[in-house]
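Me: I have a structure to go through at the bench. Can we take it in short questions and answers?

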Amino acid sequence: MAQAKISAKMNESKAGRFSRTMSMADRSTRLLESLDDMEMRVEAFREAATAMEQERESLLEMIQSIQNSQEMRSICDGEREELSLTANRLMNRTLTVHVNVDTIRNAQQEDALRKAKAIIDEIAAKVLDNMEGAKKKLQALHAACVTDAPPVPIDQKFQSVVISCALEDQKKIKRRLETLIRNMDNAERTIKIMDNQVDEAVLANGE
C-alpha cells in the first residue's frame, strides 16, 4: 500500500511538471505571436512615417516651384502679391510639421552616408558656376542609384559608396538627386523662357 502511495505521488509530481512545462510553452508561443504582430505594426508605422516625410518634401518642392514659376512672373503685381502670401503661408504651415524616421546604421554605413552627402553637396554648391556640367554630374550620380540600365554614364566611385549605405539611406539619396535634377530642369526652362522674352522684346523694339 505504501509503495502504491509513493508511486501515485511520483506520477502526480511528473504530471505537475509536465503541465507547468506545457503552460510555459503556451505562454512563450503567445508572447512570440504578440511580438510578431507588433513587428508588423512597427514596420507599417515606419513606412507610414516615411511616406509622410516624403509627402512633406514633395509639398515643399511644389510650393517652391510655384513661387519660382514663370506663371508667377507673368501676372500683375496685385495678384502676384496675393498668391505669394498664400504660398508663403502654406510653406510656413508645412514647415511646422516635423517627421523624422531614423535609420539604424553601423560604422561603415555611417561613413558611407557621410561620403555620399559630401559628394552631392560639392556638386550642388557649384550649380550656379556651371549648371550644365553640374546637371551631368548629378545625372551620373543618380544613374549609380538605379537598377535599370541608365541612358547616361554611371559614376562608378559614387556607386560603390552608395552600395555601402543602409538601404533606407540609398532610397533617400536617390530621392534627393531626383529633386536636385528636377529643380535644375525647372530652372533651365525658366531661363530659356526669360531669354526668349528678352529676344522678342529686342526684336519688337527694333521694328
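What follows is a set of questions and answers on this predicted model.

Me: What is the secondary structure of the protein chain, and what pattern does it follow along the sequence?
Reply: The chain has 7 helices and 0 strands. Read along the sequence, the pattern is therefore written with helices alone. It reads α-α-α-α-α-α-α.

Me: What share of the residues counts as buried?
Reply: The cut-off for buried is under 20% relative accessible area. The protein chain has 207 residues. The share of them that counts as buried is 20%.

Me: How much area does the protein chain expose, and what part do carbon and sulfur atoms supply?
Reply: The exposed area comes to about 15300 Å². Carbon and sulfur atoms supply 56% of it.

Me: Among contacts between residues at least 6 apart in sequence, what share joins residues at least 24 apart?
Reply: A contact here means heavy atoms within 4.5 Å. Among those between residues at least 6 apart, the share joining residues at least 24 apart is 71%.

Me: Which residues touch the most other members of the largest nonpolar core, and which helix gives the largest share?
Reply: The core holds 19 residues, and those touching the most other members are Leu138, Leu141, Phe158, Ile173 and Leu177. At least two residues of this core come from each of α4, α5, α6 and α7. The largest share is 5 residues, and the helix supplying it is α4.

Me: Which residues does isoleucine 173 touch, not counting those up to four places away in sequence?
Reply: Isoleucine 173 is one of the core residues that touch the most other members. Leaving out residues up to four places away, its partners are Leu113, Ala116, Ile120, Cys145, Phe158 and Cys165.

Me: What length does helix α5 reach, and which of its residues are buried?
Reply: Helix α5 covers residues 131–143, 13 residues in total. From first C-alpha to last it reaches 18 Å, close to the 18 Å expected. Its buried residues are Ala134, Lys135, Leu138, Ala140, Leu141, His142 and Ala143.

Me: Is lysine 135 buried or exposed, and which residue does its side chain meet in a salt bridge?
Reply: Lysine 135 has a relative accessible area of 15%, so this residue is buried. Its salt-bridge partner has its closest O atom 2.4 Å from the lysine N. That partner lies in helix α7 and lysine 135 in helix α5, so the pair ties together parts 50 residues apart in sequence. The partner, partly exposed at 23%, is aspartate 185.

Me: Which residue does arginine 176 meet in a salt bridge?
Reply: The N to O distance is 2.6 Å. The pair links helix α7 to helix α4, across 55 residues. Arginine 176 is partly exposed at 31% relative accessibility. Its partner, partly exposed at 38%, is aspartate 121.

Me: How many residues apart are aspartate 111 and arginine 114?
Reply: Their side chains meet in a salt bridge at 3.0 Å, N to O. An α-helix has 3.6 residues a turn, so residues three or four places apart point the same way. Aspartate 111 is partly exposed, with a relative accessible area of 29%. Both residues lie in helix α4, about one turn apart, a spacing of 3 residues.

Me: How many salt bridges are there, and which residues are linked in a network?
Reply: The count requires a side-chain nitrogen within 4 Å of a carboxyl oxygen. By that rule it comes to 14 salt bridges. The residues linked in a network are Arg105, Glu110 and Asp169.

How values were computed
Residues are numbered from 1 along each chain as its sequence is written. This is a predicted model: local features need pLDDT of at least 70, side-chain atom pairs count only at pLDDT 80 or more; totals for chains, interfaces and linings use all residues. Side-chain values use heavy atoms; hydrogens and water are left out. Helices (H or I, at least four residues) and strands (E, at least two) are DSSP runs, numbered from the N terminus. The expected span of a helix is 1.5 Å times one less than its number of residues. Buried means under 20% relative accessible area, exposed over 50%, partly exposed in between (1.4 Å probe, protein chains only). Accessible areas come from the Shrake-Rupley method with a 1.4 Å probe; for residues, only the protein chains shown count as cover. A nonpolar core is a set of buried Ala, Val, Leu, Ile, Met, Phe, Trp, Tyr and Cys residues joined through side-chain atoms within 4.5 Å.
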